[in-house]
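Me: I am new to this structure and should like to understand the terms applied to it. Please set each value against its definition.

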Amino acid sequence: MESDLHGLLKETVLEELGREGYEIYVEPPNPPLGRLTWSSYRPDILGVIREEIGLSVVLAECETNPDVRRVKTKTSKIGRTFKMQKRLNEKHLIRLLLVIPAGALHKVNHRPIRSFWEIWIVNKKGEIIHKIPQYRS
């Protein structure tokens with residue numbers, strides 16, 4: 001059973017990605033596009049924007065009580081099993097969102113996590129109070 005906080009985080013992401021123009025899938029059991037594959041992994045939220053010039057995909061994970069071990073395990077699963085078939089002369093973007101409650105950043109503010117994930121911090125009102133971009137060295 002999903003906690004109220006987990007539901008709030010998911011609802012906040014759904015609203016924001018909807019505003020950004022993503023087609024949204026909540027906990028899809030299978031990839032909705034033949035060009036995407038994964039195994040032993042299912043995102044909390046998958047967003048897709050299909051355009052003539054390219055494909056944008058966002059995978060969002062909502063963590064109510066994030067910790068380094070759990071996030072690194074998800075990172076590893078995504079890295080090993082998530083694949084997107086790319087086409088020549090097509091732009092593509094994959095965004096990985098880690099959505100956490102306010103006050104939890106210290107638990108996942110580590111370079112290996114920050115270099116893989118964009119982090120959104122959500123308050124108790126369901127507002128995104130901070131978006132931390134993926135760290136790129």
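Me: What makes strand 7 and strand 8 a pair?

Reply: Two strands pair if DSSP finds at least two bridges between them. Strand 7 and strand 8 (residues 128-132) are joined by 4 bridges and run antiparallel, so the definition is met. One of the bridge partners in strand 8 is Lys 131, which belongs to Trp 120. The hairpin of these strands has 5 residues between them, and Gly 126 there takes a positive phi near 80°. This is a predicted model, in which local features need pLDDT of at least 70 and side-chain atom pairs count only at pLDDT 80 or more, while totals for chains, interfaces and linings use all residues. Residues are numbered from 1 along each chain as its sequence is written, and side-chain values use heavy atoms, leaving out hydrogens and water.

Me: What is the sense of the pairing between strand 6 and strand 7?

Reply: Strand 6 and strand 7 pair in the parallel sense, over 5 bridges. Ile 100 stands opposite Ile 121 of strand 7. Strands here are DSSP runs of E with at least two residues, helices are runs of H or I with at least four, and both are numbered from the N terminus.

Me: Why is strand 7 described as largely enclosed?

Reply: Buried means under 20% relative accessible area, exposed over 50%, and partly exposed in between, with a 1.4 Å probe and protein chains only. In strand 7, 5 of the 5 residues are buried, so the strand is largely enclosed by the rest of the structure. Glu 118, Trp 120 and Val 122 are buried on one side, and Ile 119 and Ile 121 are buried on the other. In a regular strand, side chains alternate between the two faces of the sheet.

Me: Why is Arg 95 called buried?

Reply: Arg 95, in strand 6 (residues 91-101), has a relative accessible area of 14% and is therefore buried. Its side chain makes a polar contact of 3.3 Å with that of Tyr 22. A polar contact is a pair of N or O atoms within 3.5 Å; within protein, one must be able to donate a hydrogen and the other to accept it, and residues adjacent in sequence count only if both atoms are side-chain atoms.

Me: Why does Glu 63 count as buried?

Reply: Glu 63 has 6% relative accessibility, so it counts as buried. Glu 63 is found in the loop between strand 4 (54-62) and helix 2 (68-81). A polar contact of 3.1 Å joins its side chain to that of Arg 70. Glu 63 also touches, among others, Leu 9 and Lys 74; contact means heavy atoms within 4.5 Å.

Me: How do you know that the span of helix 2 agrees with expectation?

Reply: The expected span is 1.5 Å times one less than the number of residues. For the 14 residues of helix 2 this should be 20 Å, and the end C-alpha atoms are 20 Å apart, so the two agree. At the N-terminal end, Asp 67 caps helix 2, with a side-chain oxygen 3.1 Å from the backbone nitrogen of Arg 69.

Me: Which residues of helix 2 are buried, and what puts them on the same side?

Reply: They are Val 71, Thr 75, Ile 78 and Thr 81. They cover an arc of only 160° around the axis, which puts them on the same side of helix 2; the arc is that of the directions from the helix axis to the C-beta atoms. The face turned away from this buried side carries the exposed residues Arg 69 and Arg 80.

Notes:
Lists of a residue's contacts leave out its neighbours within four places in sequence.
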